[in-house]
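Hi,

Here is the structure I promised to pass on. Have a look at it first, and then read on for what turned up.

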Amino acid sequence: MAEYINIAPREHVEKRITMEAKPGDAYSESTGRRETTKYTGTWADMLAAATECLGDGGAAVQVSCELERLEGGIGELTVTREMFRQPDATGEDEPEEPETEQELGSEAAPCYTSSSSLVQVCILAHPKFAQMADLERRALKAMIDGQDEYSYLEDSTSSSGTRRIVDCIKSEAAKKAFSYISKGVTSYYDVSTETTARWKGRSNKYQAGTVVETAPGGFTSGANRNFLCSGTGVEKTGKETWCSASFRMSSAGGWDKYLYSGD
């Protein structure tokens, strides 16, 4: 008979824990939607994450967590969420509350589309260079048009009636713009965004040329920008009439109130 000396039970590195949170009793039919996510971290962190994930489910969600311990105190967590519904429900989510949303595409709940692109803008139009003196702006514009920095520019304040372009640059903003332009950087990219609302009906409360802070649908323009209603439209298909309104986001500084006030 074998005799074992100095042998005591010890825990192996490998370890696996399985936990599960079942959906409510009323939700017994699977929707067929299942989501699996994997996480890796320290064993202690993954154990805490598994416990937290179990509490993130809901009455219509079954959460299964499988935690495996690896070498070096590392844990690998696999979280599976499966959606359930009541047997007589037609939707995948909880059907307890009645539908309260307006019909999509109606005047109260229009369909929205939004798209963005990059457009080139003259560097002198950048808001950081808005406070430059007229002479500085003329000098920099002359450089953009092909003049050399040592070319002469007409200047009525000079005794000779002219001044070198490089000598016209005085302010810090102008010097910064000069550093770009002298390297050939004469424009920058700005974001151009247009949002369109479209709905079935004959009434259109929007007016082209109107400036608004937020476009319909809750599309925000960001700091120091706003939207201009760039146009409205009407479509007729048989007995149906659809209206639309488009909104173009401004560059930094907002749409010029003098140019776009409508007065």
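Val211 has Leu228 in β12 as its bridge partner. Before going further, please keep in mind that this is a predicted model. That bridge belongs to a wider picture: β9 and strand β12 (residues 227-237) run antiparallel and are joined by two bridges. Both strands sit in an open sheet of five, with the order β5-β8-β13-β12-β9 and antiparallel pairing. The edges are taken by β5 (111-122) and β9; each has a single partner strand, so one side of each is left without a neighbour in the sheet. For the overall count, the chain's secondary structure comes to five helices and 13 strands.

Now for the helical part. If you colour by burial, look at α4, where Ala174, Ala177, Phe178 and Ile181 are buried. Why do they fall on the same side of α4? They cover an arc of only 105° around the axis, which puts them there together. As for what lies over them, the cover on the buried residues of α4 includes α2 and α3.

Those helices come up again in the largest nonpolar core, which has 16 residues. Two or more residues of this core come from each of α2 (134-144), α3 (165-168) and α4 (172-181). Which residues have the most contacts inside it? They are Met132 and Leu140. If you want one residue to centre your view on, try Leu140: setting aside its neighbours within four places in sequence, Leu140 is in contact with Leu124, Met132, Ile169, Ala174, Ala177, Phe178 and Ile181. Apart from this core lies another, of 13 residues, and Trp43, Ala50, Val61 and Val63 are among them.

Trp43 is worth a second look, as the charged end of Arg69 sits over its ring, 5.4 Å from the centre. A similar item to find on screen is Arg198, which lies over the face of Trp242 at 4.3 Å from the ring centre.

On to the aromatics. The structure holds four aromatic pairs. One of them is formed by Tyr206 and Phe247, whose ring centres are 5.4 Å apart with the planes at 85°, so this pair is edge-to-face. It also links distant parts of the chain: Tyr206 is in the loop between β8 (187-200) and β9 (211-212), Phe247 is in strand β13 (residues 240-249), and 41 residues separate the two. Are these two buried or exposed? Phe247 counts as buried because its relative accessibility is 2%, whereas Tyr206, at 25%, counts as partly exposed. Another pair is Trp255 with Tyr260: the centres are 5.1 Å apart and the planes at 70°, so this one is edge-to-face too. Tyr260 has 33% relative accessibility and therefore counts as partly exposed. Ring pairs also bring Trp199 into a cluster with Tyr206 and Phe247.

Two figures for the whole chain, in case you need them for your notes. Of its 263 residues, 32% count as buried. Among contacts with a separation of 6 or more, 64% are between residues 24 or more positions apart.

Shout if anything is unclear.

Cheers

How values were computed. Residues are numbered from 1 along each chain as its sequence is written. This is a predicted model: local features need pLDDT of at least 70, side-chain atom pairs count only at pLDDT 80 or more; totals for chains, interfaces and linings use all residues. Side-chain values use heavy atoms; hydrogens and water are left out. A nonpolar core is a set of buried Ala, Val, Leu, Ile, Met, Phe, Trp, Tyr and Cys residues joined through side-chain atoms within 4.5 Å. Buried means under 20% relative accessible area, exposed over 50%, partly exposed in between (1.4 Å probe, protein chains only). Helices (H or I, at least four residues) and strands (E, at least two) are DSSP runs, numbered from the N terminus. Contact means heavy atoms within 4.5 Å. Rings of Phe, Tyr and Trp (its six-membered ring) pair if their centres lie within 6.5 Å; planes under 30 degrees apart count as stacked, over 60 as edge-to-face and the rest as tilted. A charge sits over a ring if NZ of Lys or CZ of Arg is within 6 Å of the ring centre and within 35 degrees of the ring normal. The arc is that of the directions from the helix axis to the C-beta atoms. Two strands pair if DSSP finds at least two bridges between them.
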